[in-house]
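Dear colleague,

Please find below the structure that I am handing over to you, followed by an account of what was found in it.

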Amino acid sequence: MVATVTLPATSTEEAISLPAIGQGTWYMGEGLAPRADEVRALQQGLDLGLTLIDTAEMYGEGGAEEVVGQALKGRREQAFLVSKAYPWNAGKHSAIAACEASLKRLGTDHLDLYLLHWPGSVPLEETLAAFEQLRSAGKIKRFGVSNFDLNELQEWHNLSGQDTAINQVLYHLGSRGIEHSLRPWQRRQHIPTMGYCPLAQGGSLRRDLLTNSELQAVANELNISVPQLLLAWAIRPIDGQRDLIAIPKAVQPQHVVQNAAALNIELSDAVLARLDKAFPAPTRKTHLDIV
């Protein structure tokens with residue numbers, strides 16, 4: 001059974017079910033891999049059911065959005081498209097211009113979800129007003145935030161109410177800080193989480209998880225790869241509910257296939273307990289991990 005996460009209804013959009021694993025694009029469009037390979041990887045992911053694609057104007061200073069736009073030519077309707085605005089582009093007028101520039105690079109007339117990339121100096125009321133204007137104009141369907149810790153998210157939520165679609169933050173087995181305060185509060189408010197760097201590619205609590213002997217042993221016993229184990233753990237149900245979408249980036253065909261296959265991996269209580277013992281959940285609130 002393919003794992004899914006439901007984005008709750010907003011004041012303008014009905015609830016929607018999305019795959020619990022999407023596709024990230026950080027470092028795409030920067031020449032680190034041939035652009036044709038990046039385009040092919042995103043299209044392969046779409047074919048395998050990884051229909052959510054996350055990008056940002058920051059990634060490659062628009063280069064990643066151009067890659068995504070190329071990948072979505074002729075198949076835009078197959079994707080749930082997410083992009084993000086710089087905090088200094090979050091003003092009454094600058095957010096409108098930033099979104100329109102992203103749309104042009106992406107070759108589309110709308111985003112399914114638009115996020116403020118991280119908190120900045122622009123008053124949140126001003127950003128929210130711009131996002132609402134973009135939504136009224138049909139240029140975005142939903143909006144949310146990224147890299148917001150508890151106090152910041154509470155302030156935003158007090159302004160936007162049920163229209164906060166998601167909070168995107170760093171999350172992986174070696175960086176579980178959001179589990180203490182932030183994620184439980186989000187769950188009470190019915191705000192799903194989008195987890196970036198789910199394969200432990202970054203963060204102040206980063207550990208070299210891909211070569212960790214305990215994780216290698218568990219993965220071998222389950223006949224899966226360590227990345228698949230990390231993804232299955234990240235999207236695991238909590239109290240019977242899935243509310244986190246992981247967005248790994250992949251360019252190599254075999255990695256795309258493995259990521260998609262992780263949507264069907266269920267970890268037993270015994271395996272989860274073993275992972276908790278090796279990488280315990282936090283016992284106190286910590287600063288939000290950001291890269």
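What covers the buried residues of helix 6? The cover includes helix 5 (150-160), strand 8 (164-170), strand 9 and strand 10 (244-246). Please note that this is a predicted model. The buried residues of helix 6, which spans residues 182-189, are Leu-182, Arg-183, Trp-185, Gln-186 and Arg-187. After helix 6 comes His-190, which has a positive phi, near 60 degrees.

The sheet

Strands 8, 9 and 10 also belong to an open sheet of 8 strands, ordered 3-4-5-6-7-8-9-10, in which the pairing is parallel. Strand 3 (23-24) and strand 10 form the edges; each has a single partner strand, so one side of each is left without a neighbour in the sheet. As general background, strands of a sheet pair through backbone hydrogen bonds, either parallel or antiparallel.

Strand 5 (residues 80-85) pairs with strand 4 (residues 52-54) in the parallel sense, over 3 bridges. In this pairing, Leu-52 stands opposite Phe-80 of strand 5. Strand 5 also pairs with strand 6 (residues 113-116), again in the parallel sense, over 4 bridges. There, Ala-85 stands opposite Leu-116 of strand 6.

Is strand 5 enclosed by the rest of the structure or left exposed? Buried here means under 20% relative accessible area. Of the 6 residues of strand 5, 6 are buried, so the strand is largely enclosed by the rest of the structure. Phe-80, Val-82 and Lys-84 point one way from the strand, whereas Leu-81, Ser-83 and Ala-85 point the other way, and all are buried.

Helix 4 (residues 124-136) lies across strand 6 and strand 7 (143-146), and runs at about 165 degrees to strand 6.

A buried asparagine in strand 8

Asn-167 lies in strand 8 and counts as buried, because its relative accessibility is 0%. A polar atom of the Asn-167 side chain lies 2.9 Å from the backbone oxygen of Phe-148. Neighbours within four places in sequence aside, the contacts of Asn-167 include Val-145, Ser-146, Asn-147 and Phe-148. Leu-182 and Gln-186 are also among the residues in contact with Asn-167, and both are among the buried residues of helix 6. Further contacts of Asn-167 include Ile-191, Pro-192, Thr-193 and Met-194.

Helix 2 against helix 3

Two packed helices are described by the angle between their axes and the distance between the axes. For helix 2 (residues 63-71) and helix 3 (residues 94-106), the axes come within 7 Å and cross at roughly 45 degrees. The two helices are therefore oblique to each other. Helix 2 makes the contact through Glu-65, Glu-66, Val-68 and Gly-69, and helix 3 through Ser-102, Arg-105 and Leu-106. By class, this contact has 2 nonpolar, 2 polar and 3 charged residues.

A loop threonine

Thr-211 is placed in the loop between strand 9 (193-196) and helix 7 (213-222). Its relative accessibility is 49%, so Thr-211 counts as partly exposed. The side chain of Thr-211 makes a polar contact with the side chain of Asp-208, at 3.0 Å. Thr-211 and Val-226 are 15 residues apart in sequence, and their C-alpha atoms are 8.2 Å apart in space.

With kind regards

Terms used:
Residues numbered from 1 in each chain as written. Predicted model: local features only at pLDDT ≥ 70, side-chain atom pairs only at ≥ 80, totals over all residues. Heavy atoms only, no water. Axes fitted to C-alpha atoms, helices over the stretch in contact; angles between N-to-C directions. Parallel < 35°, antiparallel > 145°, perpendicular 65-115°, else oblique. Contact = heavy atoms within 4.5 Å. Nonpolar A, V, L, I, M, F, W, Y, C, P; charged D, E, K, R; others polar. Buried < 20%, exposed > 50% of the residue type's maximum accessible area, 1.4 Å probe, protein only. Polar contact = N/O pair within 3.5 Å; in protein donor to acceptor, adjacent residues only side chain to side chain. Pairing = 2+ DSSP bridges.
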